[in-house]
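Here is a short guided look at one protein model, written for someone who would rather be at the bench. Keep the 3D view open as you read.

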Amino acid sequence: MIERANAVLVLEDGTTFNGKAVGKIGRAAGELAFNTGMTGYQEVFTDPSYLGQLIIMTSPHIGNYGTTPVESESDSIQCAGIIVKKFSEVASRDISEMSLQDFLIKDGKVGISDIDTRALVRYIRSKGAMNAIISSEENVSVEDLQEEVKNIPSMKGLELASRVSTKEAYVLPSTTGKSHYKVALVDFGSKASIARCLNERDCEVKVFPMSTSLEELLAYQPDGFMLSNGPGDPGVMTSSHQLVKEIINTDIPVFGICMGHQIIALSQGLETEKMHQGHRGLNHPVLNHRTGKGEITSQNHGFVVSRISAEDNDNIEITHSHLNDNTVAGIALKDKKVFSVQYHPESSAGPHDSWYLFDQFITNMDTHKQS
């Protein structure tokens with residue numbers, strides 16, 4: 001057993017948890033967010049949507065199956081830091097290429113273990129999402145950290161997508177040997193699995209920076225637009241609202257996921273809201289109103305489309321609802337081939353109940369090409 005340094009977690013209201021250091025020795029600050037997934041910690045930590053957040057994993061054992069490149073959703077760990085109950089330095093899986101400890105060290109990420117994560121999550125569920133700071137440094141007082149945590153910016157009003165959007169456009173070819181469709185993916189912080197799901201369906205995908213103009217996007221001659229997930233507050237991304245409004249007005253099919261879903265809504269005059277605490281995990285129940293069927297979904301979001309604003313818009317159909325709290329989980333435009341969902345149909349990690357949405361997007365592109 002490796003003897004690890006002491007670490008402390010300080011919440012913005014002064015609540016303190018003591019534990020042991022994992023990853024790099026240092027400090028990390030951000031908004032607390034908890035993920036209820038029993039597996040998929042590598043996919044979670046490398047998801048760009050978690051930028052600026054300290055991730056609490058509710059599964060009691062983290063790190064036990066190590067890491068492998070095929071399970072990364074981006075080229076590095078994106079979350080600000082990690083908070084876990086039991087941390088394993090041992091990686092006991094044949095395909096593991098690096099322990100989670102070494103992965104954290106490689107990417108310079110700070111974490112804390114050996115705290116009561118159940119108590120912490122219950123506290124957040126009661127009090128709501130809040131900022132916090134982890135420190136494993138020596139000679140740092142709790143009082144100093146309590147002062148420092150007050151200066152961490154609120155996630156509400158924070159634009160983060162531009163920090164993880166690609167700086168240069170690049171092409172990901174179809175993996176089927178066929179390229180029947182060209183999809184322009186507007187990158188707000190996209191998970192790698194989104195493009196992969198399209199590549200597996202005869203799609204060539206060109207990933208564009210979120211600042212790309214409509215003229216540049218149309219020069220690619222896409223059959224459809226994918227609007228990706230991403231971090232931060234979608235309400236402040238006014239230039240993206242305008243771009244997506246222009247994209248929708250081309251009548252080319254559009255599919256939005258998570259942040260993309262929210263920006264579609266905002267482009268149509270709907271509103272978004274910061275949640276008391278977000279939805280993050282692999283087992284969130286959603287009702288498909290068109291089929292009457294339930295889906296178990298993978299989710300990661302702290303903002304949601306206002307139901308009132310969606311119901312007040314005559315051109316919006318609410319296609320999916322979250323069964324735990326009745327929040328909007330999917331919408332479609334009645335006069336366009338445009339739809340979106342608040343959850344992650346690419347499901348990495350997670351159930352595959354919602355893969356049909358990619359097939360629905362393919363059908364919309366087929367219809368558009370034939371018109």
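The report below goes from the barrel to two single residues and then to a pocket.

**The barrel**

Please bear in mind that this is a predicted model. Its strands include a closed barrel of 7, in the order β1-β2-β8-β6-β4-β3-β9, with mixed pairing. From one strand to the next, the twist averages 35 degrees. Helix α4, residues 142–149, packs on this sheet and touches β1, β2, β3 and β9. The direction of α4 makes about 40 degrees with that of β1.

In general, strands of a sheet pair through backbone hydrogen bonds, in either a parallel or an antiparallel sense. Here, β3 (residues 27–35) and β4 (residues 53–57) are a parallel pair, held over 5 bridges. If you want one place to look, take Ala-33, whose bridge partner in β4 is Ile-55.

**Two residues to compare**

Gln-53 sits in strand β4, while Gly-108 lies in the loop between α2 (100–106) and β8 (110–113). Is each of them buried or partly exposed? The table gives the values.

| Residue | Place | Relative accessible area |
|---|---|---|
| Gln-53 | strand β4 | 4% |
| Gly-108 | loop between α2 and β8 | 32% |

Gln-53 counts as buried because its 4% is under the 20% cut-off. Gly-108 is partly exposed because its 32% falls between 20% and 50%.

What does Gln-53 touch, leaving aside residues up to four places away in sequence? Its contacts are Glu-31, Ala-33, Cys-79, Ala-80, Gly-81, Met-155 and Arg-280. With one of these, Glu-31, the side chain of Gln-53 also makes a polar contact of 2.9 Å. Ala-33, the residue bridged to Ile-55, is also among the contacts of Gln-53.

As for Gly-108, a handy distance to check in your viewer is the one to Val-70: the two are 38 residues apart in sequence and 20 Å apart in space, C-alpha to C-alpha.

**The largest pocket**

Now turn to the largest pocket, with a volume of about 430 Å³. It is lined by 22 residues, and those closest to its centre are Glu-73, Ser-74, Tyr-170, Ser-190 and Ala-192. Which elements give two or more residues to this lining? They are α5 (161–164), β10 (170–172), β11 (181–187) and α6 (192–199). The largest share, 4 residues, comes from α6.

Conventions
Residues are numbered from 1 along each chain as its sequence is written. This is a predicted model: local features need pLDDT of at least 70, side-chain atom pairs count only at pLDDT 80 or more; totals for chains, interfaces and linings use all residues. Side-chain values use heavy atoms; hydrogens and water are left out. Buried means under 20% relative accessible area, exposed over 50%, partly exposed in between (1.4 Å probe, protein chains only). Two strands pair if DSSP finds at least two bridges between them. Axes are lines fitted to C-alpha atoms, for helices over the stretch in contact, and angles run from 0 to 180 degrees between N-to-C directions. Contact means heavy atoms within 4.5 Å. A polar contact is a pair of N or O atoms within 3.5 Å; within protein, one must be able to donate a hydrogen and the other to accept it, and residues adjacent in sequence count only if both atoms are side-chain atoms. On a 1 Å grid over the protein atoms alone, a cavity is a set of points where a 1.4 Å probe fits but cannot get out, and a pocket is an open set with protein on both sides within 12 Å along at least five of seven lines; lining residues have an atom within 4 Å of a point. Grid points are joined across faces, edges and corners, and a volume is the space filled by probe spheres set on the points.
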